[in-house]
Amino acid sequence: MLERGKNQHLYRKLHSLSGIIPVGVFLTVHLFVNYTATWGQDAYNTAAGIMVNLPFKYFLEAFIIFIPMYFHAIYGLYIALQAKNNVGQYGYVRNWKFYLQRITGVITFIFVTWHIWETKIQVEFFGVEANFHLMANIVDNPFSLTLYIIGIVSAIYHFANGVWTFLITWGITVSPKSQKVFSYITFGLFVVLSIIGVRAILAFA
């Protein structure tokens with residue numbers, strides 16, 4: 001039982017770390033690449049072309065993106081199913097953040113899987129070109145666009161709030177004051193990245 005507790009603590013720390021490095025870093029880079037769409041089709045196609053043609057692409061995708069991301073997602077779902085939320089009873093800010101972290105995690109898992117199907121799978125197996133028109137065709141109706149906005153904002157909230165919990169989990173912000181300060185910083189990160197993400201997806205619409 002003690003050994004299981006030790007392993008669980010290790011898994012939770014690895015889960016927290018994987019959400020920041022490399023998954024959170026990739027999310028941020030991906031948002032900035034997509035933001036080039038606001039500069040026009042040619043700018044986006046150039047940026048997307050660089051990402052598609054990176055050396056050792058499949059190795060990077062496997063070990064920097066997909067394996068860490070799905071470890072984080074699947075173990076995160078396990079944590080979410082084990083969690084006992086008491087928002088309705090107490091309603092404290094931390095409880096709401098905890099609750100929203102779990103909800104946005106589930107939304108992000110579904111959204112990212114759908115996004116991979118609509119983009120990566122289509123490009124690799126069905127001969128679709130990874131360019132501006134691919135994304136424009138995906139969000140060419142209000143329903144798909146709305147789902148994308150919800151998915152993007154959920155993923156960004158999950159990452160930004162995950163930074164806050166990461167700092168606590170790894171013993172970086174120990175005092176209540178430091179945790180409060182970083183709650184404001186990570187909320188600012190959420191706002192900035194959300195603006196970038198939403199502006200980027202609207203550029204395809």
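This passage describes the fold, surface and one helix of a predicted single-chain model. Local features need pLDDT of at least 70, side-chain atom pairs count only at pLDDT 80 or more, and totals for chains, interfaces and linings use all residues. Residues are numbered from 1 along each chain as its sequence is written, and side-chain values use heavy atoms, without hydrogens and water.

The chain has eight helices and zero strands (DSSP runs numbered from the N terminus; helices are H or I with at least four residues, strands E with at least two). Its C-alpha trace spans about 50 × 35 × 25 Å along the principal axes. The radius of gyration is 18 Å, which agrees with the value near 17 Å for a compact globule of 205 residues (C-alpha atoms; 2.2 Å times the number of residues to the power 0.38). Of the contacts with a separation of 6 or more, 74% join residues 24 or more positions apart (contact: heavy atoms within 4.5 Å).

About 12,300 Å² of the chain is exposed, and carbon and sulfur atoms supply 71% of this area (Shrake-Rupley method, 1.4 Å probe). There are 13 positive and 7 negative side chains, with the centres of the two sets 26 Å apart (Lys and Arg against Asp and Glu; His and chain ends not counted; charges placed at NZ, CZ, CG and CD, respectively, of Lys, Arg, Asp and Glu).

Buried residues make up 39% of the 205 (under 20% relative accessible area, 1.4 Å probe, protein chains only). In helix α2, the buried residues are Val23, Gly24, Leu27, Leu31, Val33, Asn34 and Tyr35. This helix covers residues 23–35, and its end C-alpha atoms are 18 Å apart, in agreement with the expected 18 Å (1.5 Å times one less than the number of residues).

Terms used. Buried < 20%, exposed > 50% of the residue type's maximum accessible area, 1.4 Å probe, protein only.
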